[in-house]
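Please open the model in the viewer and set the display to a cartoon with side chains available on request. The stops below are arranged as a sequence of selections.

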Amino acid sequence: MAGVSLKTPPKATADFCLIPLGTPTASVSAQIAEVQRLMKKSGLKYTMHSAGTTVEGSWDEVTRVIGQAHQLLHDQGVVRIQSDIRIGSRTDKIQSAEDKVKAVERLLANDN
């Protein structure tokens with residue numbers, strides 16, 4: 001598609017689970033800690049959870065930091081990494097990951 005001049009979305013939220021393969025032990029907490037240090041340095045808004053990380057920013061920033069997380073671990077000797085990634089964007093309003101959770105929590109509060 002040479003010559004196509006489409007932009008990427010100005011805001012995106014990605015949820016990714018980075019999975020280092022072939023590490024010496026079943027635990028990957030040391031590698032995930034390295035990824036979290038990278039996230040902190042990125043300046044992007046992010047939240048770690050039990051099965052991955054949610055990161056917010058522009059499409060380009062979000063995908064770049066996920067790629068940098070791969071490269072960081074490759075540089076540390078991890079030869080294979082798989083990531084599950086979900087990326088969302090919307091144009092009708094600005095909504096953070098925290099806003100999405102709060103919207104559902106408000107509905108659940110009415111259940112009592």
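In which loop does S50 lie? Select S50: this residue lies in the loop between β2 (45-49) and β3, where helices (H or I, at least four residues) and strands (E, at least two) are DSSP runs, numbered from the N terminus. S50 is exposed, with a relative accessible area of 83%; buried means under 20% relative accessible area, exposed over 50%, and partly exposed in between (1.4 Å probe, protein chains only). Then add E98 to the selection: the C-alpha atoms of S50 and E98 are separated by 16 Å, although the two are 48 residues apart along the chain.

Before proceeding, note that this is a predicted model, in which local features need pLDDT of at least 70 and side-chain atom pairs count only at pLDDT 80 or more, while totals for chains, interfaces and linings use all residues. Residues are numbered from 1 along each chain as its sequence is written, and side-chain values use heavy atoms, with hydrogens and water left out.

**The whole chain**

Zoom out to the full chain, which has three helices and four strands. Followed from the N terminus, the order of elements is β-α-β-β-α-β-α. Along the principal axes, the C-alpha atoms fill a box of roughly 50 × 50 × 25 Å. Of the 112 residues in the chain, 29% are buried. Among contacts (heavy atoms within 4.5 Å) with a separation of 6 or more, 69% are between residues 24 or more positions apart.

**The annotated region**

Select residues 14-105, which an unreviewed UniProt entry annotates as "domain: Thiamine-binding protein". UniProt positions are given here in the numbering of this model, feature names are shortened, and annotations may be inferred rather than shown by experiment. Over this range the chain is 43% helix and 30% strand, and the end C-alpha atoms are 21 Å apart.

**The loop between β1 and α1**

Select P24, which lies in the loop between β1 and α1. P24 is exposed, its relative accessible area being 84%. Add K41: P24 and K41 are 17 residues apart in sequence, and their C-alpha atoms are 27 Å apart in space.

Next select A26, also found in the loop between β1 (12-21) and α1. A26 is exposed as well, at a relative accessible area of 82%. The C-alpha atoms of A26 and Q71 are separated by 21 Å, with their positions 45 residues apart along the chain.

**The helix pair**

Now select helix α1 (residues 29-42) and helix α2 (residues 59-75), which pack at an angle of about 135° with their axes 10 Å apart. Axes are lines fitted to C-alpha atoms, for helices over the stretch in contact, and angles run from 0 to 180 degrees between N-to-C directions. The angle makes α1 oblique to α2; under 35 degrees counts as roughly parallel, over 145 as roughly antiparallel, 65 to 115 as roughly perpendicular and the rest as oblique.

Show side chains for the contact: Q31, E34, V35, L38, M39 and S42 of α1 meet V65, Q68, A69, L72 and L73 of α2.

**The loop before α2**

Finally, select S58: is this residue buried or exposed? S58 is buried, with a relative accessible area of 18%, and is found in the loop between β3 (52-57) and α2. Leaving aside neighbours within four places in sequence, S58 is in contact with P9, P10, K11 and A12.
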